[in-house]
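Here are my notes on the model you sent, set out as numbered points. Please read them next to the sequence and the coordinates.

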Amino acid sequence: IYRNHLYTVSFNTNGGTGVSTQHVEEGYLAQQPTTTRAGYTFSSWNYDFSSPIRSNITINANWNANENTPYKVEYYSQNLDRNGYELIVSETEVLAGKTDTTAYAEQKIFEHFTLNRIMSALSGNIDGDGSLVLKLYYTRDTYTISLTKNNTKAGTITNGGTYAYDKSITITATTNAGYTFLGWYEGETKISDNLSYSFNVD
């Protein structure tokens with residue numbers, strides 16, 4: 001009685017799900033397995049499974065990268081206290097591209113905010129599982145409110161300084177005896193008669 005040689009058929013899935021090794025007698029056929037890979041479409045094995053096995057062999061999988069792998073781009077704006085960032089939900093984008101190529105985020109312009117390039121992820125690899133999220137962070141601009149008075153002896157004014165955009169502040173004036181407060185002016189334009197004047201910094 002003669003037994004045929006037993007050969008090992010291994011499979012290199014090239015990133016796909018694992019496939020079990022087969023042990024096939026000489027002259028018999030290996031079974032074509034199935035494998036999957038996120039973001040790719042299976043193309044072929046580099047072997048004709050109608051050909052009998054004659055030796056130990058490793059069979060390789062071939063893949064085609066999908067053109068419609070999803071990824072996201074998120075935009076974040078700094079909060080009023082400038083100690084954190086909030087997602088701008090209306091600006092979130094769900095896009096698609098070719099697996100394992102580089103995606104680039106659109107650098108949008110938001111009035112009164114400046115892109116923080118150090119914190120932001122402006123580009124990245126489109127992973128096959130759709131997990132790529134590019135995040136862009138925008139720092140809230142600051143503005144300086146300068147307060148002056150037309151008579152240094154008339155009283156005091158407070159709360160000038162540098163503030164974040166859209167911060168609500170109140171500037172105040174205190175009148176010394178013998179003087180009358182005329183109002184707050186921006187240039188030649190009178191904006192308030194009150195000693196305390198509140199507004200949002202813009």
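1. What share of the contacts in the chain with a separation of 6 or more is between residues 24 or more positions apart? That share is 48%. The model is predicted, and every point below should be read with that in mind.

2. Overall form. The chain has 18 strands and 0 helices. Its radius of gyration is 34 Å, whereas the globule rule gives 17 Å for 202 residues, so the chain is more spread out than a compact globule. The C-alpha trace spans about 125 × 25 × 20 Å along the principal axes.

3. Surface and charge. Of the 202 residues, 33% are buried. The accessible surface is about 12,700 Å², and carbon and sulfur atoms hold 46% of that area. The chain carries 14 positive and 20 negative charges, and the mean positions of the two sets lie 6 Å apart.

4. Largest nonpolar core. This core has 15 residues, and Val73, Tyr75, Leu136 and Tyr138 have the most contacts inside it. Two or more residues come from each of S5, strand S9 (113-115) and strand S11 (133-140). A second, separate core has 14 residues, among them Val9, Val24, Tyr47 and Phe49.

5. Valine 73. Beyond residues up to four places away in sequence, valine 73 touches Leu134 and Leu136, as well as Ala105. Its other partners are Glu91, Thr92, Glu93 and Leu95. Leu136 is thus both a partner of valine 73 and one of the residues with the most contacts inside the largest core.

6. Serine 77. Is serine 77 buried or exposed? Its relative accessibility is 14%, and because buried means under 20%, serine 77 counts as buried. It is found in strand S5 (residues 69-78). Leaving aside neighbours within four places in sequence, serine 77 is in contact with Gly84, Tyr85, Glu86 and Ile88, and also with Phe113 and Tyr138. Tyr138 appears again among the residues with the most contacts inside the largest core.

7. Phenylalanine 11. This residue lies in strand S1 and is buried, at 12% relative accessibility. Its contacts, with neighbours within four places in sequence left aside, are Val19, Ser20, Gln22, Gln31, Pro33, Trp45, Phe49 and Ile59. Phe49 also belongs to the second core. The C-alpha atom of phenylalanine 11 is 89 Å from that of asparagine 151, with the two positions 140 residues apart along the chain.

8. Isoleucine 57. How far apart are the C-alpha atoms of isoleucine 57 and threonine 8? They are separated by 6.5 Å, while the two residues are 49 residues apart along the chain. Isoleucine 57 lies in strand S4 (residues 57-65) and counts as partly exposed, at 26% relative accessibility. Not counting residues up to four places away in sequence, isoleucine 57 touches Thr8, Val9, Ser10 and Tyr47. Val9 and Tyr47 are included in the second core.

9. Aspartate 100. This residue is in the loop between strand S7 (93-97) and strand S8 (102-104). At 40% relative accessibility, aspartate 100 counts as partly exposed. Apart from neighbours within four places in sequence, aspartate 100 is in contact with Arg37, Tyr40, Asn125 and Ile126. Its C-alpha atom is 38 Å from that of leucine 80, which is 20 residues away along the chain.

10. Backbone check. Most residues other than glycine have a negative phi. Asparagine 14 has a positive phi of about 50° and is not a glycine. Asparagine 14 lies in the loop between strand S1 (6-12) and strand S2 (22-25), and its relative accessible area of 33% makes it partly exposed. Arginine 82, also not a glycine, has a positive phi of about 60°. Arginine 82 is located in the loop between S5 and strand S6 (85-87), where it is partly exposed with a relative accessible area of 37%.

Note on methods
Residues are numbered from 1 along each chain as its sequence is written. This is a predicted model: local features need pLDDT of at least 70, side-chain atom pairs count only at pLDDT 80 or more; totals for chains, interfaces and linings use all residues. Side-chain values use heavy atoms; hydrogens and water are left out. Helices (H or I, at least four residues) and strands (E, at least two) are DSSP runs, numbered from the N terminus. The radius of gyration is taken over C-alpha atoms; the globule rule is 2.2 Å times the number of residues to the power 0.38. Buried means under 20% relative accessible area, exposed over 50%, partly exposed in between (1.4 Å probe, protein chains only). Contact means heavy atoms within 4.5 Å. Accessible areas come from the Shrake-Rupley method with a 1.4 Å probe; for residues, only the protein chains shown count as cover. Lys and Arg count as positive and Asp and Glu as negative; His and the chain ends are not counted. The place of a charge is taken as NZ of Lys, CZ of Arg, CG of Asp or CD of Glu. A nonpolar core is a set of buried Ala, Val, Leu, Ile, Met, Phe, Trp, Tyr and Cys residues joined through side-chain atoms within 4.5 Å.
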